[in-house]
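Thanks for coming. I have one model to go through this morning, and I will take it sheet by sheet.

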Amino acid sequence: MKRRKFLKNSTTGAAGLISAPLLASYKESNTKLVAETIKEKTIKPIAVCTWNFHQATAKAWEILKDGGNSLDAVEQGVMVEEANVNNQTVGKGGRPDRDGNVTLDACIMDKDSNCGAVLCIQNITHPVSVARKVMEETPHVMLAGKGAEKFAYEQGFKKENLLTEKSKQQWLKWKKTSKYETIINIENHDTIGMLAIDKNGDIAGACTTSGMAYKVAGRVGDSPIIGAGLFIDNEVGGATATGVGEEVVRTVGSFLIVELMRQGKSPEEACKEGVRRIMEKNKDRDDFQIGFLAINKKGETGGYCVHPGFTYSQYTEEGQINHPAGSFIKG
């Protein structure tokens with residue numbers, strides 16, 4: 001090869017080697033700049049929760065509208081129902097297990113995939129707050145039973161009797177027949193799962209329940225199980241579930257829905273596919289309810305269920321609305 005041609009080729013090759021990373025760096029910087037510009041223009045705080053727990057989303061919105069973060073919003077939002085003794089499916093006043101004990105399950109997850117959960121905890125009104133303490137104060141994700149209760153006391157939580165007179169009398173009446181059944185949209189209306197996006201575009205979620213009424217002592221459903229009753233991926237979105245938890249656990253439902261959104265499905269499409277997969281494993285059954293709720297990074301929401309009747313509450317700067325979800329079985 002002639003010297004002039006060699007030098008020319010060498011110079012061109014060197015320029016290419018130098019320019020390639022520069023171009024890549026420029027494209028990366030430009031992409032980040034565009035993404036940040038879009039983020040500033042489009043991110044709007046939002047809170048959604050399973051069912052028509054409007055006071056819960058209203059509480060979450062109070063935090064979000066004042067610039068608070070999504071983790072505080074979901075915790076304080078679901079705490080409203082944990083303290084509501086008229087809600088017999090969450091927290092204080094929840095229906096007991098077959099032995100007459102109110103046992104609670106809850107979990108919480110933040111934008112960085114940190115998470116905490118308590119299972120089968122007694123005598124504590126706000127298990128979601130104990131779950132947050134597990135996340136923030138221990139190297140663990142889950143604490144159960146007496147260990148979770150002991151930890152709660154060490155963190156300053158007060159012991160309370162969670163069995164109200166109303167729930168006690170209903171339990172005593174149930175004991176006469178001891179017939180266990182899950183009535184669609186009544187016994188299955190057992191959970192508040194909440195998802196929120198704050199002003200920074202960060203997503204968090206929480207889920208809390210007293211579980212199925214008159215369950216076998218020690219039973220735990222999907223609600224405190226990360227990936228089943230709740231899952232958050234701050235790059236994609238979040239999902240939560242309500243209904244017969246055993247079926248949600250079998251399909252790792254909330255994780256599945258977030259992954260489906262990662263693949264490009266809308267929140268509603270993802271929830272619909274999640275329900276379809278559950279029904280595919282229950283071809284001879286339709287005597288139970290499952291409801292999924294999801295939100296993506298854009299703030300789009302969606303839900304889907306087995307039977308008609310599942311709704312979800314949404315609060316944004318435009319106010320509060322209740323969304324009826326589509327169903328696998330048509331009414």
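Before the pairs of residues, one term: two strands count as paired if DSSP finds at least two bridges between them. With that in hand, Ile232 stands opposite Gly238 in strand 8. I will come back to that pair shortly.

First, confidence. This is a predicted model. The average pLDDT of the protein is 89, and 85% of the residues score at least 70. Residues 1–38 have a pLDDT below 50, and beyond near neighbours in sequence that stretch has two contacts in the model. Where pLDDT is low, the predicted coordinates should not be read in detail. I will leave that stretch there.

Now the main sheet. In what order do the strands of the open sheet run? There are eight strands, in the order 4-3-2-6-5-1-11-12, and the pairing is mixed. Strand 4, residues 142–144, and strand 12, residues 319–324, are the edge strands, each pairing on one side only. From one strand to the next the twist averages 10°.

Take strand 1, residues 46–50. Is strand 1 enclosed or open, going by how many of its residues are buried? Five of the five are buried, so strand 1 is largely enclosed by the rest of the structure. In a regular strand the side chains alternate between the two faces of the sheet. Here Ile46, Val48 and Thr50 are on one side, Ala47 and Cys49 are on the other, and all are buried.

Strand 1 has a partner on either hand in the strand order. With strand 5 it runs antiparallel, joined by four bridges, and with strand 11 it also pairs in the antiparallel sense over four bridges. Ala47 is a useful marker for both pairings: its bridge partner in strand 5 is Ala196, and its bridge partner in strand 11 is Tyr315.

Staying with strand 11, residues 311–316, Thr316 belongs to that strand. Thr316 has a relative accessible area of 14%, and residues under 20% count as buried, so Thr316 is buried. Which residues does Thr316 touch, leaving aside neighbours within four places in sequence? They are Pro45, Ile46 and Trp61.

On the other side of strand 1, strand 5, residues 191–197, is joined to strand 6, residues 203–209, by seven bridges, and the two run antiparallel. Thr191 stands opposite Thr209 in that pairing.

Next, the helices on this sheet. Helix 3 packs on the sheet and touches strand 2, residues 104–109, as well as strand 5 and strand 6. The direction of helix 3 makes about 155° with that of strand 5. Helix 4, residues 127–137, lies across strand 2, strand 3, strand 4 and strand 6, and runs at about 130° to strand 3.

Helix 3 also packs against helix 2. Helix 2 covers residues 54–65 and helix 3 residues 70–82; their axes are 7 Å apart, at an angle of about 150°. Angles over 145 degrees count as roughly antiparallel, and helix 2 and helix 3 therefore fall in that class. The crossing is right-handed. On the helix 2 side the contact includes Ala56, Ala60 and Ile63, and on the helix 3 side it includes Ala73, Gly77 and Val80.

Two loop residues deserve a look. Most residues other than glycine have a negative phi. Trp51, in the loop between strand 1 and helix 2, has a positive phi near 65°. Trp51 is buried, at 3% relative accessibility. Asn123 also has a positive phi, about 70°, and Asn123 sits in the loop between strand 3 and helix 4. Its relative accessible area is 17%, and it is buried.

Last, strands 7, 8 and 9, which brings back the pair from the start. Strand 7, residues 230–233, pairs with strand 8 in the antiparallel sense over four bridges, and Ile232 opposite Gly238 is part of that pairing. The two strands form a hairpin, with three residues between them. Strand 8 is also joined to strand 9, residues 290–296, by seven bridges, again antiparallel. Across that pairing, Ala241 has Phe292 as its bridge partner.

Why call strand 8 largely enclosed? Seven of its seven residues, 237–243, are buried. Gly237, Ala239, Ala241 and Gly243 point one way, and Gly238, Thr240 and Thr242 point the other.

That is the model; I will take questions.

How values were computed. Residues are numbered from 1 along each chain as its sequence is written. This is a predicted model: local features need pLDDT of at least 70, side-chain atom pairs count only at pLDDT 80 or more; totals for chains, interfaces and linings use all residues. Side-chain values use heavy atoms; hydrogens and water are left out. pLDDT is the predictor's confidence in each residue, from 0 to 100. Contact means heavy atoms within 4.5 Å. Buried means under 20% relative accessible area, exposed over 50%, partly exposed in between (1.4 Å probe, protein chains only). Axes are lines fitted to C-alpha atoms, for helices over the stretch in contact, and angles run from 0 to 180 degrees between N-to-C directions. Angles under 35 degrees count as roughly parallel, over 145 as roughly antiparallel, 65 to 115 as roughly perpendicular and the rest as oblique. A crossing is left-handed if the near helix is turned anticlockwise from the far one by less than a right angle, and right-handed if clockwise.
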